[in-house]
Amino acid sequence: MTGHSHNQFTERSSFPDARQRLREQVSAHDRVETVPLGDAVGRAVGERLTAQRNVPHYPRAAMDGYAVRAEDTFGASDRSPQILRATEGELSPREASPVHTGSKLPAGADAVVMIEEVEEVGDEVEVLDGVGKGENVGPIGEDVEAGDHLYEPGHRLRPSDVGLLKSVGTDSVAVFERPQVAVIPTGEELVQSDPEPGEIIETNGLTVSELAASWGAETTYHDIVPDDMEKLKTAITTHTDHDLIATTGGSSVGKRDLLPAVVSELGEIHVHGVGLKPGHPFAFGTVEETPVLMLPGYPVSCLVNAVQFLRPAIKRAGRMAVEQPPTVEAELAEKVYSEPGIRTFARVQVEEDEAGRTATTVRASGAGVLSSVALSDGWVVVPEEREGLAAGETVAVEYWEWSP
């Protein structure tokens with residue numbers, strides 16, 4: 001994109017094109033750190049991880065019962081049981097030793113007879129059904145073998161993953177550092193508390209900062225910056241050592257929307273204006289090779305753009321997969337209006353009864369109404385090629401406020 005104007009968008013990018021341009025400007029960093037296993041959940045693996053030992057590292061009983069030599073049970077039946085001597089520990093021929101699920105198989109044993117298939121008579125065990133060699137036994141390495149490749153770089157570790165890593169002898173793990181994101185709220189009308197008439201409590205920057213952290217970033221929540229060219233320049237250049245900068249407010253084309261001009265003077269603007277609703281005044285550029293995402297000041301527009309642009313940028317910078325949000329199908333209770341060529345995000349509440357799920361729009365207009373997002377369950381996406389969605393249509397509701 002070339003040129004910039006304060007009184008109009010010089011070019012409105014399509015949503016897919018804007019996403020692709022942003023992707024091209026975000027680089028995945030290579031910084032790796034080692035953290036204790038207990039701190040690794042949610043982190044992206046920084047190197048290929050392999051098993052250091054077998055799991056299990058000993059042959060174990062897979063059932064409660066008696067460990068035996070399989071050949072001593074051949075031919076056993078209800079009418080003609082094999083009689084073995086009960087013992088503890090290492091087995092000699094014609095002996096059986098009690099075992100529990102997970103316990104080590106005694107030396108000399110090569111199978112386990114389930115407790116349901118034996119009768120205990122004094123110091124003897126009557127085996128009522130024969131077993132084959134290895135039956136009801138978990139061999140060494142049955143779960144994981146030493147040297148097995150477990151996870152590749154970029155895999156986001158889940159609680160079950162760290163459990164597996166601990167089982168194979170890992171107590172610390174190399175992970176990519178969390179991408180560093182600076183969040184800069186802008187606007188001379190913003191205050192942190194006790195607003196006077198004409199002042200507004202700053203919420204966008206705080207919300208975006210918390211969302212960025214939930215998406216895997218290390219965030220710096222900057223003080224409010226007023227609508228002043230030099231102060232905005234200073235705030236941005238101070239944070240070009242971060243992987244990403246996200247600003248809130250001042251991204252449109254009004255007299256106080258200075259950020260596109262600031263970024264243009266410091267670096268380059270790549271997108272200013274996107275075909276999505278709410279949130280078309282989104283812009284992004286680069287300053288000293290650091291992507292700067294300029295999120296609109298209206299709260300709903302800000303959140304939509306944060307989810308659609310900042311979230312994938314954080315994932316790319318931190319070498320994390322961009323998982324799709326969970327969705328549910330529901331029937332629209334009313335028509336959803338949209339413009340051709342515009343991707344629309346309609347906030348909805350979902351109700352469920354015996355007949356199924358119903359999605360009802362929550363303030364279809366009003367990008368400045370934060371409660372319309374906070375009180376909604378998710379949103380329905382209307383693609384660019386559709387002119388709205390009809391009442392009664394089955395739609396996918398995205399539960400956007402979701403962390404992975």
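# Strand pairing, aromatic contacts and internal space

Strand β5 (residues 82-86) and strand β6 (residues 95-99) run parallel and are joined by two bridges. Within this pairing, Ala-86 has Ala-96 of β6 as its bridge partner. The model described here is a predicted one. Strand β5 also pairs with strand β9 (residues 124-127), in this case in the antiparallel sense and through four bridges. Here the bridge partner of Leu-84 is Val-125 in β9. Strand β5 thus takes part in a parallel pairing with β6 and in an antiparallel pairing with β9.

## The six-stranded sheet

Six strands make up an open sheet in the order β16-β13-β17-β21-β20-β18, and the pairing is mixed. Which strands stand at the edges of this sheet? They are β16 (218-221) and β18 (268-272); each has a single partner strand, so one side of each has no neighbour in the sheet. From one strand to the next, the twist averages 20°.

At the β16 edge, strand β13 (residues 180-185) pairs with β16 in the parallel sense over four bridges. Gln-180 has Glu-218 in β16 as its bridge partner. The strand pairings discussed so far are listed below.

| Strand pair | Sense | Bridges |
|---|---|---|
| β5 and β6 | parallel | two bridges |
| β5 and β9 | antiparallel | four bridges |
| β13 and β16 | parallel | four bridges |

## Aromatic contacts

A pair of aromatic rings is described by the distance between the centres and the angle between the planes. In this model the count of aromatic pairs comes to six. One of them is formed by Phe-282 and Phe-284, with 6.3 Å from centre to centre and 35° between the planes. This pair counts as tilted, because its angle of 35° is neither under 30 degrees, as for stacked rings, nor over 60, as for edge-to-face rings. Phe-282 is buried, with a relative accessible area of 0%, and Phe-284 is likewise buried at 0%.

In the pair of Phe-345 and Trp-379, the ring centres lie 5.4 Å apart and the planes stand at 70°, so the arrangement is edge-to-face. Phe-345 belongs to strand β23 (residues 343-353) and Trp-379 to strand β25 (residues 378-382), so this contact ties together parts that are 34 residues apart in sequence. Both Phe-345 and Trp-379 are buried. These residues belong to one aromatic cluster, formed by Phe-15, Phe-282, Phe-284, Phe-309, Phe-345, Trp-379 and Trp-400.

## Pocket and cavity

The largest pocket holds about 460 Å³ of space. Of the 22 residues in its lining, Glu-189, Gly-249, Gly-250, Gly-297 and Tyr-298 are the closest to its centre. The lining of this pocket comprises seven nonpolar, 10 polar and five charged residues.

How many cavities of 30 Å³ or more does a search of the whole structure find? The search finds one. The volume of the largest cavity is about 40 Å³. Its lining consists of Gly-42, Arg-43, Ala-44, Phe-176, Glu-177, Arg-178, Pro-179, Gly-216, Gly-318 and Met-320. By class, the lining of the largest cavity has four nonpolar, three polar and three charged residues.

## Backbone features in loops

The peptide bond from Val-55 to Pro-56 is cis, and its omega is near -5°. Pro-56 is placed in the loop between β2 (49-50) and β3 (60-61). Lys-277 and Pro-278 are also joined by a cis peptide bond, with omega about -5°. Pro-278 has its place in the loop between β19 (276-277) and β20 (283-287).

Asn-136, although not a glycine, has a positive phi of about 60°. This residue lies in the loop between β9 and β10 (137-138). Glu-289, another residue other than glycine, has a positive phi near 70°. Glu-289 is found in the loop between β20 and β21 (290-295). Are Asn-136 and Glu-289 buried or exposed? Asn-136 is buried, with a relative accessible area of 18%, whereas Glu-289 counts as exposed at 76% relative accessibility. The value of 18% for Asn-136 falls under the 20% cut-off for buried residues, and the value of 76% for Glu-289 lies over the 50% cut-off for exposed ones.

Terms used:
Residues are numbered from 1 along each chain as its sequence is written. This is a predicted model: local features need pLDDT of at least 70, side-chain atom pairs count only at pLDDT 80 or more; totals for chains, interfaces and linings use all residues. Side-chain values use heavy atoms; hydrogens and water are left out. On a 1 Å grid over the protein atoms alone, a cavity is a set of points where a 1.4 Å probe fits but cannot get out, and a pocket is an open set with protein on both sides within 12 Å along at least five of seven lines; lining residues have an atom within 4 Å of a point. Grid points are joined across faces, edges and corners, and a volume is the space filled by probe spheres set on the points. Ala, Val, Leu, Ile, Met, Phe, Trp, Tyr, Cys and Pro count as nonpolar, Asp, Glu, Lys and Arg as charged, and the others, Gly among them, as polar. Rings of Phe, Tyr and Trp (its six-membered ring) pair if their centres lie within 6.5 Å; planes under 30 degrees apart count as stacked, over 60 as edge-to-face and the rest as tilted. Buried means under 20% relative accessible area, exposed over 50%, partly exposed in between (1.4 Å probe, protein chains only). Two strands pair if DSSP finds at least two bridges between them. Axes are lines fitted to C-alpha atoms, for helices over the stretch in contact, and angles run from 0 to 180 degrees between N-to-C directions.
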